[in-house]
Amino acid sequence: MNDTLKGSVTSTQELVQAAGRSLYPNYRQPEIVFSYGQGAELFDLEGKRYIDLYAGIAVSALGHAHPRLTRAISEQAGRLLHLSNYYFNEPNIRLAERLCALTGMSRAFFCSSGTEAVESMLKLARRHFYSTGQPDRVRVIAFEHAFHGRTLGALAATGQPSYREGFGPLSPTTHLPYGDLERVKEALSSDVCAVIVEALQGEGGVLPAPPGFLEGLRELTTRAGVLLLADEVQTGVGRLGSFLGFQHFGVAPDALALAKGLGGGVPIGAMLCRAELSAALPPGSHGSTFGGGPLASAAAGAVLDEIEASDLIARARTEGAYLAEALQGLATRHSSVVRLARGVGLLQALVMKTPELAQDAMKRLRAAGVLVTLAGGVALRVTPPLNIERALLSEALEVMDRVLGEMA
Ligand SMILES: *Cc1c(COP(=O)(O)O)cnc(C)c1O
């Protein structure tokens with residue numbers, strides 16, 4: 001670690017006060033300012049160490065300051081930072097090829113975030129039916145507790161009323177209980193263009209798709225002639241122990257959205273689709289100034305290189321199994337405060353008995369130097385870097401054991 005990065009003349013208190021005066025107050029940050037990270041550890045301005053079990057919301061797939069990613073970013077920055085889509089660049093073309101191969105899709109469109117990737121899929125669905133003579137197919141079927149992003153299109157699909165409150169009128173959407181195939185069957189009327197779904201609802205509380213659900217959706221959408229859209233923003237890029245969450249369930253969607261872990265911390269999103277959909281968005285119909293840029297593409301290329309070189313998808317399975325078993329043990333031992341443990345791969349959660357207990361547990365864990373996030377109000381979500389070392393994981397689990405014991 002470079003000494004100039006470590007020390008700081010500004011105090012936490014000064015920065016927190018400045019934030020309170022100048023940042024838009026749409027978040028509720030605690031009074032901590034992070035200074036640097038190394039692997040799955042973070043250090044704040046006061047020098048306090050934290051074990052990072054949240055990875056910037058499942059983004060920092062390689063942990064912090066990974067040499068391969070750092071090198072790729074700095075080399076690309078020194079070569080070519082930005083062009084726009086007026087011209088091709090090699091890192092982006094190579095990335096498109098690799099993502100198509102990894103997902104079984106034929107085409108890749110790039111943007112800079114998850115919500116834009118979802119927005120692109122929704123526009124793809126609408127435009128596909130417009131150009132194939134079914135312009136009335138505008139409705140989307142989505143699921144309760146789903147999270148698809150915050151732009152107006154993605155927000156319409158998001159199945160959490162509190163996120164939508166005050167932003168209507170939104171695009172026509174029908175929200176159904178996650179897992180209820182009968183209701184989907186009934187709702188597939190002639191105005192529906194797509195069903196959008198997560199293989200595991202991340203923000204909704206770490207709820208894996210019930211057995212047979214994605215397979216059933218595949219069957220129903222194929223029969224109805226509507227698109228099945230996979231929101232893989234949180235579940236994709238290896239987190240569930242397969243490159244896509246859908247692959248864990250053996251189902252192929254018509255299009256999918258990636259973001260979060262794809263750039264390892266550099267903003268990038270991607271929408272991939274089947275060959276049949278490549279005429280839906282003709283030149284001029286959709287685009288992005290930053291999307292597909294050489295810097296973000298080189299970063300994502302380095303993330304894929306490292307996933308391959310260090311077999312991180314297999315690690316997500318083995319470490320995920322270790323984590324799941326340990327969380328199961330915590331749920332049993334602390335059953336007065338914990339309801340259950342659930343998850344797939346390295347996207348796991350301890351579901352607390354009440355939202356108050358979840359809040360309290362997250363704060364106590366943070367004070368004890370372990371960072372997790374809340375999902376669905378009651379779940380303590382654990383999404384560490386894919387390459388987290390077993391020793392750090394078990395150290396964090398010991399802290400969780402102690403903290404939960406104190407709460408009982
Ligand atoms: C985080 C998330 C999004 C939104 O991604 P942003 O990059 O925040 O726009 C969309 N869908 C899912 C499933 C997510 O977890």
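**Reading strands, cores and backbone exceptions in a predicted model**

A: In this predicted model, strand β13 (residues 338-344) and strand β14 run antiparallel and are joined by six bridges. The bridge partner of Gly343 is Gln348 in β14. The two strands form a hairpin with two residues between them, and Gly345 there takes a positive phi near 55°.

Q: What holds the strands of a sheet together in general, and which strand besides β13 is joined to β14?

A: Strands of a sheet pair through backbone hydrogen bonds, in either a parallel or an antiparallel sense. Here, β14 is also joined by four bridges to strand β17 (residues 379-382), and these two run antiparallel. Across that pairing, Val351 stands opposite Ala379 of β17.

Q: Is β14 (residues 347-352) largely enclosed or exposed, and how is this judged?

A: The reading rests on relative accessible area, with under 20% counted as buried. Six of the six residues of β14 are buried, so the strand is largely enclosed by the rest of the structure. Both of its faces are covered: Leu347, Ala349 and Val351 lie on one side, and Gln348, Leu350 and Met352 on the other.

Q: How should the order of strands in an open sheet be read, and which strands are at the edges?

A: The order lists neighbours across the sheet. One open sheet of four strands has the order β1-β2-β3-β15, with mixed pairing. Its edge strands are β1 (34-38) and β15 (370-371), each of which pairs on one side only.

Q: What packs on this sheet?

A: Helix α15 (residues 390-407) packs on it and touches β2, β3 (49-52) and β15. The direction of α15 makes about 105° with that of β3.

Q: How do β1 and β2 pair, and which residues face one another?

A: Strand β2 (residues 41-44) pairs with β1 in the antiparallel sense over four bridges. Tyr36 stands opposite Phe43 of β2, and the bridge partner of Gly37 is Leu42. The two strands form a hairpin with two residues between them, and Gly39 in the turn has a positive phi of about 60°.

Q: How do β2 and β3 pair?

A: They pair in the antiparallel sense over three bridges. Phe43 stands opposite Arg49 in β3. This hairpin has four residues between its strands, and Gly47 in the turn has a positive phi of about 90°.

Q: Which way do the side chains of β2 point, and are they buried or exposed?

A: Glu41 and Phe43 point one way, whereas Leu42 and Asp44 point the other way. All of these residues are buried.

Q: How is a nonpolar core read, and which residues touch the most other members of the largest one?

A: A core is a set of buried nonpolar residues joined through side-chain atoms within 4.5 Å. The largest core has 83 residues, and those touching the most other members are Leu53, Leu99, Phe143, Leu214, Leu258 and Leu350. Helix α15 gives the most to this core, with nine residues. Leaving aside residues up to four places away in sequence, Leu99 touches Phe110, Phe243, Leu258, Leu262, Ala270, Leu272 and Leu304. A second, separate core of 26 residues includes Cys111, Ala117, Val118 and Leu122.

Q: Where does the backbone contain a cis peptide bond?

A: The omega angle is the value to inspect. A cis peptide bond joins Gly168 and Pro169, with omega about 0°. Pro169 is placed in the loop between α8 (161-164) and β6 (173-176).

Q: Which residues have a positive phi although they are not glycines?

A: Val206 has a positive phi of about 60°, and Val237 also has one of about 60°. Val206 is in the loop between β8 (200-201) and β9 (207-208), and Val206 counts as buried because its relative accessibility is 0%. Val237 is in the loop between β10 (227-231) and α11 (245-248), and Val237 counts as buried because its relative accessibility is 4%.

Q: What do the values for the whole chain say about its overall form?

A: The radius of gyration is compared with that of a compact globule. For 408 residues such a globule would have a value near 22 Å, and the chain has 21 Å, which agrees. The C-alpha atoms fill a box of roughly 60 × 55 × 45 Å along the principal axes. The chain has 15 helices and 17 strands, and 50% of its residues count as buried. Of the contacts with a separation of 6 or more, 72% are between residues 24 or more positions apart.

Note on methods:
Residues numbered from 1 in each chain as written. Predicted model: local features only at pLDDT ≥ 70, side-chain atom pairs only at ≥ 80, totals over all residues. Heavy atoms only, no water. Pairing = 2+ DSSP bridges. Contact = heavy atoms within 4.5 Å. Axes fitted to C-alpha atoms, helices over the stretch in contact; angles between N-to-C directions. Buried < 20%, exposed > 50% of the residue type's maximum accessible area, 1.4 Å probe, protein only. Rg over C-alpha atoms; globule rule 2.2 N^0.38 Å.
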